[in-house]
Amino acid sequence: MLATLGDLVEDVIVRIDGPVNVASDTPAQISRRRGGSAANVAVAAAGLGHPVRFLGQVGSDAIGSALLAEMAEGGVDVAMVRRAGSTGMIVALVDPAGERSMLTDRRACIDLSDPDPSWLDGVDTLHVPLYSLATGAMAATTTTVIGWAHDRDISVSIDVSSSAVILEMGIDRVRHLLADLDPDVILANRDEAITLDITGPIGDAVTIVKRGPDPAVVYSPSRDAVEVAGIAVPDVGDTTGAGDAFAAGFLTHLDGWRNDPVAACASGHRCAAALLTSRAGR
């Protein structure tokens with residue numbers, strides 16, 4: 001079983017076809033859907049037929065109930081999710097090229113506290129976005145759960161998530177945090193890899209650098225770097241969540257990412273491409 005620990009929020013997607021008209025009106029296409037990096041990974045993994053559990057905290061409100069119901073219908077175990085406060089929200093501004101910029105209000109997510117060892121029962125891989133280690137009670141909770149995972153020989157995956165979050169936390173602090181937490185897998189996109197100066201494996205972790213439509217790079221401690229070609233998706237309408245889908249495909253690769261991280265990377269590309277294709281032209 002894969003467990004993901006992090007945010008479940010409501011995404012408000014705002015697609016614009018040109019520059020924003022400051023202090024005036026700008027036509028846009030606006031929609032709502034489930035969001036949160038850890039939640040996205042969980043749903044994508046469940047869609048691949050893999051058993052998955054989501055761990056986190058969502059508001060004790062109607063939005064939180066609806067989001068949890070949607071995840072459960074998608075095959076995700078949400079029985080251990082905490083309920084308190086109000087559900088967080090992220091506004092994603094999507095430009096004409098499909099690139100997104102996030103405005104975040106995480107609310108209840110960051111207040112997750114008092115972790116329970118039973119969260120990891122039956123789990124063989126724990127996936128954590130850097131967001132979960134950035135601030136609030138959730139940061140201490142996540143650190144504790146990662147320690148429990150190591151004690152149980154559960155593999156740990158960390159996605160460094162956001163160059164803005166890295167800079168806010170401090171580059172040196174993030175590097176030291178990754179060294180202390182000693183994950184088995186580290187995932188980064190091109191901008192995050194530049195920010196952290198990733199040019200090889202970080203510690204003993206299989207380190208994946210995603211580069212959009214360009215080949216991803218697999219850095220393994222025991223072998224040379226390998227580039228893995230991506231899958232072209234024409235007319236991409238919205239890239240939100242593509243990195244999370246990649247993580248799901250990589251971590252649930254049928255033959256195991258440890259046995260063949262290059263093949264697992266190709267699985268990640270396929271999962272991300274499927275998500276992007278579902279949104280083409282939107």
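Strand β2 (residues 9-16) and strand β3 (residues 28-35) run antiparallel and are joined by 8 bridges. In this predicted model, β2 belongs to an open sheet of 4 strands, and a second open sheet has 8 strands. Helix α7 lies across several strands of the second sheet, among them β12, and packs against helix α8.

**The sheet of 4 strands**

- The strand order is β3-β2-β7-β8, and the pairing is mixed.
- Within the antiparallel pair, I16 of β2 stands opposite A28 in β3, and I13 has S31 of β3 as its bridge partner.
- On the parallel side, 6 bridges join β2 to strand β7 (residues 89-94).
- One of the residue pairs between these two strands is V14 with L93, the latter in β7.
- Strand β2 is mostly covered, with 8 of its 8 residues buried.
- In general, the strands of a sheet pair through backbone hydrogen bonds, in a parallel or an antiparallel manner.
- The order β3-β2-β7-β8 describes an open sheet; β3 and β8 (100-105) are at its edges with a single partner strand each, so one side of each has no neighbour in the sheet.
- From one strand to the next, the twist averages 20°.

**The sheet of 8 strands**

- Here the order is β4-β1-β9-β10-β11-β12-β13-β14, again an open sheet with mixed pairing.
- The edges are β4 (52-55) and β14 (223-228); each has a single partner strand, so one side of each is left without a neighbour in the sheet.
- Neighbouring strands are turned against each other by 15° on average, direction ignored.
- At the β4 edge, strand β1 (residues 2-5) runs parallel to β4, and 4 bridges join the two.
- Across this pair, T4 stands opposite F54 in β4.

**Helix α1 and residue A42**

- Helix α1 covers residues 37-47, and 9 of its 11 residues are buried, so the helix is largely enclosed by the rest of the structure.
- The buried residues in α1 are S37, A38, A39, N40, V41, A42, A44, A45 and A46.
- A42, which is found in α1, has a relative accessible area of 0% and is buried.
- Leaving aside residues up to four places away in sequence, A42 touches T4, V52, F54, M71 and V76.
- Two of these contacts, T4 and F54, are the residues that stand opposite each other, with F54 in β4.
- A42 and P201 are 159 residues apart in sequence, and their C-alpha atoms are 25 Å apart in space.
- After α1 comes G49, which has a positive phi near 85°.

**Helices α7 and α8**

- Two packed helices are described by the angle between their axes and by the distance between those axes.
- For α7 (residues 242-251) and α8 (residues 261-278), the angle is about 140° and the axes are 7 Å apart.
- The two helices are therefore oblique to each other.
- The crossing of α7 past α8 is right-handed.
- On the α7 side, the contact is made by A242, A245, F246, G249 and F250.
- On the α8 side, the contact residues are P261, A264, C265, S267, G268, H269, C271, A272, L275 and L276.
- By type, the residues of this contact comprise 11 nonpolar, 4 polar and no charged.
- An α-helix has 3.6 residues a turn, so residues three or four places apart point the same way.
- Helix α7 also lies across β1, β9 (125-129), β10 (155-159), β11 (185-189) and β12 (206-211).
- Relative to β12, α7 runs at about 145°.

**Loop residues with positive phi**

- A23 is not a glycine, yet its phi is positive, at about 65°.
- The residue lies in the loop between β2 and β3, and A23 is exposed, with a relative accessible area of 86%.
- R107, also not a glycine, has a positive phi of about 45°.
- R107 is located in the loop between β8 and β9.
- With a relative accessible area of 37%, R107 is partly exposed.

Conventions
Residues numbered from 1 in each chain as written. Predicted model: local features only at pLDDT ≥ 70, side-chain atom pairs only at ≥ 80, totals over all residues. Heavy atoms only, no water. Axes fitted to C-alpha atoms, helices over the stretch in contact; angles between N-to-C directions. Parallel < 35°, antiparallel > 145°, perpendicular 65-115°, else oblique. Left-handed = near helix turned anticlockwise from the far one by under 90°. Contact = heavy atoms within 4.5 Å. Nonpolar A, V, L, I, M, F, W, Y, C, P; charged D, E, K, R; others polar. Buried < 20%, exposed > 50% of the residue type's maximum accessible area, 1.4 Å probe, protein only. Pairing = 2+ DSSP bridges.
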